[in-house]
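Open the model in your viewer and keep the selection tool ready. The tour goes stop by stop.

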Amino acid sequence: VLAIISLILGAVLLSLVLPQTSSLSPWEIAKWPEICSNWSAWMTFLGLGHIFTSPIFLFILGLFLLALLLSTTRQFKIAFAKTFHGFGALSMPTGGVLVTSLEGIRKICRKNGYIKTAESNDVFLFVKHPWGFWGNAILHCSIILIVFASIFIVLFQQRGVLRLIEGETFSPQNSWFVEEHGPLSRVLRLPYAIRLDRLVPEYWPNDDLKALTSVVSTKYPHQAIGQSTLSITQSRYFGGIRLFQSTNYGLACFLTIKGENGYREGMAMMFKNALKRNKPQFEEIEIDKNRLLQAKYFPDAEQKSMLSQSPLMILRLHDTRQNSTVKQKLALQPGQTGNLGPYTIRFNNAARWVGFIFIRLYAMPFIFLGFILLAVGAGLIFFCPPRKLVVKKLDHGFSYTWSASKFAKFYEDEHKMLISNLLSAEK
């Protein structure tokens with residue numbers, strides 16, 4: 001079991017070191033084989049780019065689940081034996097002799113919370129908190145439930161990531177920005193269209209993000225449009241799919257680029273939000289086969305606010321063939337036009353964008369149930385340790401022995417009080 005746990009922890013550490021497709025953009029996924037050409041084939045073969053949905057990881061989880069099943073079966077047998085057959089050895093009166101009747105012992109034990117759980121051949125077992133014997137078994141059951149539900153989620157999960165610009169609508173037939181699904185499930189398809197109506201960021205005086213609220217509209221076929229509000233801490237549930245608003249947001253700047261041959265092309269540069277009003281964000285796009293348009297933007301041209309309606313974008317050209325950059329720079333605000341090298345560029349307008357995560361999971365209630373059982377099992381182990389009184393009939397009374405499964409010294413006063421009550425009942 002320890003070896004299997006070590007393999008699972010190793011897989012988790014690998015997922016932190018190696019880039020996972022669920023956290024990469026399509027452009028980054030396409031570039032990854034070029035960046036790591038020496039071992040990208042091995043990553044693809046072993047599924048290291050999506051470790052938690054790879055067959056190897058599922059096989060390791062299956063081994064862990066099998067080991068847990070065997071261990072849990074053993075724990076149930078132990079708990080049953082301790083509850084109904086836990087007499088122990090009574091060849092000698094280890095605790096003393098009680099000169100009283102069995103009925104008197106039973107009444108005193110019941111008064112002190114001890115329940116008779118078994119008897120055999122004039123030997124009687126009284127237990128306080130007998131359910132404490134089942135703590136380990138319940139604990140193992142909870143882990144099995146969590147692991148089983150986790151495997152089910154990995155096999156059948158569906159996940160999609162979007163970047164929506166204010167006013168943009170995503171239809172069910174559109175492609176996801178990033179998509180991931182389990183080996184036994186299909187690509188997630190929304191039963192509705194969704195539109196980002198507006199995005200409202202709020203900032204503290206030091207430019208840190210205070211709140212990020214988005215207003216979205218959903219349209220099911222043959223139904224009226226519904227509008228909902230989301231935030232970083234407030235998700236929504238639509239059509240069996242949980243919708244989360246991401247912390248990734250920024251500004252989309254729309255450009256019209258006219259080349260030497262008069263060809264016009266509309267492009268959008270998706271900047272991540274600037275962290276400070278005087279610290280720019282950077283982005284680049286390919287405008288033809290050999291040229292990159294590199295840009296940086298400030299949320300406010302005068303660098304006085306994070307919520308200005310006048311962002312500033314500074315552009316420059318980079319020639320990938322000669323690995324050189326045009327020294328000329330072009331500063332534009334919305335509505336302005338300028339020349340940069342052989343191009344005429346117009347900054348049309350800007351709009352905010354934000355990321356959304358759509359997740360369909362089928363076994364999450366069992367995960368929560370598993371953690372509830374985990375808490376119950378741990379509570380029984382540490383807060384309800386069983387205490388046993390075993391009595392054996394003699395010719396002139398009963399011999400007895402008392403024991404506690406845990407923390408015997410802590411319950412020593414309880415032990416003394418129980419024996420004192422039993423001795424006071426002697427005839």
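Which residue stands opposite Gly397 in strand 21? Select Leu394: this residue faces Gly397.

Before moving on, a note on the source. This is a predicted model, where local features need pLDDT of at least 70, side-chain atom pairs count only at pLDDT 80 or more, and totals for chains, interfaces and linings use all residues. Residues are numbered from 1 along each chain as its sequence is written, and side-chain values use heavy atoms, with hydrogens and water left out.

**Stop 1: strand 21 and its partners**

Select residues 387–394, which are strand 20. Add residues 397–404, strand 21. Strands here are DSSP runs of E, at least two residues, and helices are runs of H or I, at least four, numbered from the N terminus. Strands 20 and 21 pair antiparallel over 8 bridges. Two strands count as paired if DSSP finds at least two bridges between them. The two strands form a hairpin, with 2 residues between them.

Now add residues 97–98, strand 1. Strand 1 runs antiparallel to strand 21, and 2 bridges join them. Pick Val97 and look across: Ser399 of strand 21 stands opposite.

**Stop 2: a salt bridge inside a helix**

The structure holds 9 salt bridges. Each is a side-chain nitrogen of Lys or Arg within 4 Å of a carboxyl oxygen of Asp or Glu.

Select residues 102–111, helix 5. Show the side chains of Glu103 and Arg106. These two residues sit 3 residues apart in helix 5, about one turn. Their closest N and O atoms are 2.8 Å apart. Glu103 has 39% relative accessibility, so it counts as partly exposed. The classes are buried (under 20% relative accessible area), exposed (over 50%) and partly exposed in between, with a 1.4 Å probe and protein chains only.

**Stop 3: a link between loops**

Select Asp207 and Arg277. Their salt bridge has its closest N and O atoms 2.6 Å apart. This pair links distant parts of the chain, 70 residues apart. Asp207 lies in the loop between strand 7 (193–203) and strand 8 (209–219). Arg277 lies in the loop between strand 12 (264–272) and strand 13 (281–288).

Is Asp207 buried or exposed? Asp207 is buried, because its relative accessible area is 8%. Arg277, at 23%, is partly exposed.

**Stop 4: an exposed pair, then a network**

Go to Glu302 and Lys304. They form a salt bridge, closest N and O atoms 3.4 Å apart. Glu302 is exposed at 56%. Lys304 is exposed at 59%.

Finish with Lys128, Arg387 and Glu414. Salt bridges with shared partners join these three into one network.
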